[in-house]
Each structure stands twice: as C-alpha cells, then as structure tokens.
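Reader: I would like a close look at one part of this protein, with its surroundings explained step by step. Please start with any term I need.

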Amino acid sequence: MLTYTTYSEAGGVGKTTLSANLARAHRDHGHRVLVVDLDPQDGCLSYLLGVDDDRSDEDVDTIVHHMIDRGDDFDGLIRTTEGIDVVPSHNMLERLGDLLEKAASIAEQTGESFSKYGRLRHVLAANDVPENYDVLIVDPPATSGPHLYNAIDATRSLVIPVEPSGKGGESIAGLESVVAGIESNLDIDVGVLATVVNRFEGTNDQEAVLGDVNDMPYPNPVTLRKRSSLFEGCWTERCSAFQYVEEHRDRERDHERETLDKLDELATVLEERGEL
C-alpha cells in the first residue's frame, strides 16, 4: 500500500490541490484510493472535492469520533467523488487536540493503552483500510500538532510541495531538521517520497530555489508551472484538474495538458516508490 501525507511548513503552496489531483491520478491508474482530510480550515480538500456539506452538522459521525473511540460505522464516514473515497473534514477537528488529551487521560485512569498521535493509524487498521485500498493520502493542516502528527504516524511518508520563493527556499533549507524533529517526536522513521516545486514561472530567483531543491537528497521528479486559471477553475467548480478539463473546458489547452501529464507522471513515480 502506498501511503503518504502531503506536507508543507509554508501555507499557500498548493498542498491541498496537489493532494486532490494526485488522488485522481492514482484512481485513473486503476488504484483504490482513500483520502483522509484532517484539515479543519475552510477551503480544505473536502471543499475542493465537494464533499464538505456535513462539516458543521454536530449530529453526524466524524473521524474525530473514531479517533476517541466514539465512532459508529467507519464506512459511513466515506464520501465518494470522481471515483475517490474521501473521509471529509469536519468542524470538530478544531477540537481534536483537546479531545485526544481527554481520551488519553481517561485511558490512563482505566489502565488502557492510548497513543494520542497513533489514533488515526489505529482507526485505519481496525477498519481494514490497508486491505481495502491501494493508496492512502492524508491531508493535514501545515501547522505542527495532533493533526499533522497523526497523519504522519499513519503514513510514514511525505510528499512536499515547495513554493519557488524566498519563503519556499527557507522551508527547503530547514526541511531535513523538520523531518528529523518529526521523527524524534513520534519515535518513527519518516521518508520523503518526493518534493514538488509548484507554481514555477522561471524567474532567476525561482531557478535558484529549484536548484536548491534539486540538490536536496530527495526525489524532485516534476516541476509544476503556475496555472492560475486551471486551478482557480477547479476551486470554482469543486473538482480535480482532470475533471475540470474534461467537463468545464470547451477545448483542451496544450499548457493544461502538460500540467495534467506531469501530475500523472508524479503519481506514477510515487506508485513506483511505493512498489504498487
């Protein structure tokens, strides 16, 4: 099973858009794909793929209920769109840290085992996700905390989009220490499947950042150029870039086809590294 968390220290680098489109590319390759959206913010992956209509309903079952042993049927969480199964985000994720602390305290008092940062892995294993899917993608918020740590503990691998800017360059410079810090906090080994320079426009400064990324000891198989019209259209129509081009363009544009081909190539590289 190929499992990874899309992660970036910097916000606004296209992390969620990348998650949704890689999920669609894996599905187009014939794989069974599950995406877990752990990001409680508006404009999350669940919104992008149009499966967030229950996010403020306090009566529905959520992934948070399952992570604190209060969930119902796991399959009831799943929404399917474009052939991709999604465990949607919910506003309750905003309280995930507090709820995990309380559940851990109760477990300690009753002598039960409870790992705050291993809860997502526990839920997925208990519900046969490794047997039922070929690809698992977890999309957490960028900030450190229980959402990110649960995502990485469950997947053990990262795909890292990089903004080709001074900020993005700084995040790459600190990447090895960040990965080492996560490994230390969780006491696990974490692999980087790929870095992806996103929104590239070819300026001299961006070329310098791209060079820095290529010098890192991680694969950087594709560079995605800036395609504002394409990806803004995806958010408007709430779908992947693949479906947007198929259903909302009157003709195929060469530069958009190039982007879809690179997303497809990136998914193939990740599948090869995951030995699918």
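Author: Contact here means heavy atoms within 4.5 Å. With that cut-off, and leaving aside neighbours within four places in sequence, Ser157 is in contact with Thr3, Tyr4, Thr5, Gly191 and Leu193. The model is a predicted one, and every value below is computed from it.

Ser157 lies in strand S6, which covers residues 157-162. Its relative accessibility is 14%, and buried means under 20%, so Ser157 counts as buried.

One of the contacts of Ser157 is Tyr4. Tyr4 belongs to the largest nonpolar core, which has 36 residues. Within this core, Tyr4, Leu18, Leu22, Val159, Leu266 and Leu270 touch the most other members. Leu18 can be followed further: apart from neighbours within four places in sequence, its contacts are Val159, Pro161, Val196, Leu224, Leu263 and Leu266. There is also a second, separate core of 29 residues, and Leu99, Phe114, Leu136 and Val138 are among its members.

Val138 appears again in the surroundings of Thr6. Thr6 sits in strand S1, residues 2-6. Its relative accessibility is 0%, which is under the 20% limit, so Thr6 is buried. Beyond four places in sequence, Thr6 is in contact with Lys15, Ser19, Ile137, Val138, Asp139, Pro140 and Val159. With Asp139 there is a polar contact between the two side chains, at 3.1 Å.

Thr80 offers another threonine to look at, placed in strand S3, residues 79-81. Its relative accessible area is 53%, and exposed means over 50%, so Thr80 counts as exposed. The side chain of Thr80 makes a polar contact of 2.6 Å with the side chain of Asp85. Between Thr80 and Gly50 there are 9.9 Å from C-alpha to C-alpha, and the two are 30 residues apart in sequence.

Leu263, listed above as a contact of Leu18, also takes part in the packing of two helices. These are H12, residues 241-248, and H13, residues 254-273. They pack at an angle of about 145 degrees, and their axes are 10 Å apart. The crossing of H12 and H13 is left-handed. On the H12 side the contact is made by Ala241, Phe242 and Val245, and on the H13 side by Glu256, Leu260, Leu263 and Asp264. Sorted by class, this contact has five nonpolar residues, two charged ones and no polar ones.

Key: Residues are numbered from 1 along each chain as its sequence is written. This is a predicted model: local features need pLDDT of at least 70, side-chain atom pairs count only at pLDDT 80 or more; totals for chains, interfaces and linings use all residues. Side-chain values use heavy atoms; hydrogens and water are left out. Helices (H or I, at least four residues) and strands (E, at least two) are DSSP runs, numbered from the N terminus. Buried means under 20% relative accessible area, exposed over 50%, partly exposed in between (1.4 Å probe, protein chains only). A polar contact is a pair of N or O atoms within 3.5 Å; within protein, one must be able to donate a hydrogen and the other to accept it, and residues adjacent in sequence count only if both atoms are side-chain atoms. Axes are lines fitted to C-alpha atoms, for helices over the stretch in contact, and angles run from 0 to 180 degrees between N-to-C directions. A crossing is left-handed if the near helix is turned anticlockwise from the far one by less than a right angle, and right-handed if clockwise. Ala, Val, Leu, Ile, Met, Phe, Trp, Tyr, Cys and Pro count as nonpolar, Asp, Glu, Lys and Arg as charged, and the others, Gly among them, as polar. A nonpolar core is a set of buried Ala, Val, Leu, Ile, Met, Phe, Trp, Tyr and Cys residues joined through side-chain atoms within 4.5 Å.
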